[in-house]
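Thank you for passing this structure along for comment. My notes follow as numbered points, starting with a question on one helix end and then moving to the fold as a whole and to individual residues.

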Amino acid sequence: MMNNNARRLDRSAVKYLSRYYLILEDMIEGMTTAKLNDSISHNFIVQMIPHHRAAIEMSENLLKYSDFEPLRSIASGIIDEQTKSIADMERIIRRCTAMTNDELEIKQYQRRVNEIIRLMFSEMENAPQSNNINTDFMLEMIPHHRGAIRMSENALKYRICPDLKPILQAIISSQAKGIREMEGLLRKM
């Protein structure tokens, strides 16, 4: 997925971006091959877990190459928040899978999810590549966060497991905050 700019990138940027594209490919595969059923709550969880894992791995990748403390702090926060969110979703999945939805709801929900993830994948695949790993990370993570917010807002439009609602609200608030922080850093850079 790396474009022709790879020849102009320094060694650290090439290593960083090569790992990023592997993480992105794993996320795309995990989200698109998730075993969906007749529960919106279940479907959200099984698609969001690989999404969160990718954010954790993207953040760990940044931490190997960046000494920019404000961004390292954001990346560490992503790791902590999304590790907790995965554990919370894994804890409730059995209970939430029992709450089913009708066929029309499932189709409407999933059609919107598919639009959201296609846009997110495209924005992440086409994020600019440079020798500034800090900027690259933020331009990759912002669409990733936007995707999670949109997926969460979409799920909240439907009848879902009550245990899932606070997790969705936490995703929306934490990732909106992360976007604001990264956009603020980008303006300063």
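1. Which residue caps the N-terminal end of helix 5, and which backbone nitrogen does its side-chain oxygen lie 3.1 Å from? The cap is N132, and the backbone nitrogen in question belongs to N134. Please keep in mind, here and in every point below, that this is a predicted model.

2. On the overall fold, the protein has six helices and zero strands, so that, read from the N terminus on, its elements run α-α-α-α-α-α. The radius of gyration is 17 Å, which agrees with the value near 16 Å that a compact globule of 189 residues would have. Taken along the principal axes, the box filled by the C-alpha atoms is roughly 50 × 30 × 25 Å.

3. On packing and surface, 49% of the 189 residues count as buried. Among contacts with a separation of 6 or more, 79% are between residues 24 or more positions apart. The protein exposes about 9400 Å², and carbon and sulfur atoms supply 50% of that area.

4. Helix 5, whose N-terminal cap opened this note, deserves a fuller description. Its 23 residues should span 33 Å at 1.5 Å a residue, and the end C-alpha atoms are indeed 33 Å apart, which agrees with that expectation. The helix is mostly covered, since 19 of its 23 residues are buried.

5. H144 is found in helix 5 and is buried, because its relative accessible area is 0% and the cut-off for burial is under 20%. Leaving aside residues up to four places away in sequence, H144 touches M27, H51, A54, A55, M58, M120, M124 and Q175. Of these neighbours, M120 and M124 are themselves among the buried residues of helix 4.

6. Helix 4, residues 103-125, can be checked in the same manner: its 23 residues should span 33 Å at 1.5 Å a residue, and its end C-alpha atoms are 32 Å apart, which agrees. The N-terminal end of helix 4 is capped by D102, a side-chain oxygen of which lies 3.1 Å from the backbone nitrogen of L104.

7. The buried residues of helix 4 are E105, I106, Y109, Q110, V113, I116, I117, M120, F121 and M124, and what covers them includes helix 1, helix 2 and helix 5. S122, which is also found in helix 4, is instead partly exposed, with a relative accessibility of 33%. The C-alpha atoms of S122 and I179 are separated by 18 Å, the two residues being 57 residues apart along the chain.

8. A search of the whole structure finds three aromatic pairs. In one of them, the rings of Y16 and Y65 have centres 6.2 Å apart and planes at 85°, so the pair is edge-to-face, the cut-off for that class being over 60 degrees. This pair links distant parts of the chain, with Y16 in helix 1 (residues 11-32) and Y65 in helix 2 (residues 40-65), 49 residues apart. As for their surroundings, Y16 counts as buried at 1% relative accessibility, whereas Y65 is partly exposed, with a relative accessible area of 30%.

9. In helix 3 (residues 69-97) I would draw attention to T83, which counts as partly exposed at 41% relative accessibility. The side chain of T83 reaches the backbone oxygen of I79 at 2.6 Å. Not counting residues up to four places away in sequence, T83 touches I56 and I78. T83 and E103 are 20 residues apart along the chain, and their C-alpha atoms are separated by 32 Å.

10. D88 also lies in helix 3. Is D88 buried or exposed? At 16% relative accessibility it counts as buried, because the cut-off is under 20%. The side chain of D88 makes a polar contact with the side chain of K84, at 2.7 Å.

Notes
Residues numbered from 1 in each chain as written. Predicted model: local features only at pLDDT ≥ 70, side-chain atom pairs only at ≥ 80, totals over all residues. Heavy atoms only, no water. Phe/Tyr/Trp six-rings, centres within 6.5 Å; stacked < 30°, edge-to-face > 60°. Helix = DSSP H or I, 4+ residues; strand = E, 2+ residues; numbered from the N terminus. Buried < 20%, exposed > 50% of the residue type's maximum accessible area, 1.4 Å probe, protein only. Expected span 1.5 Å × (residues − 1). Contact = heavy atoms within 4.5 Å. Polar contact = N/O pair within 3.5 Å; in protein donor to acceptor, adjacent residues only side chain to side chain. Rg over C-alpha atoms; globule rule 2.2 N^0.38 Å. Areas by Shrake-Rupley, 256 points an atom, 1.4 Å probe, with all protein chains shown as cover.
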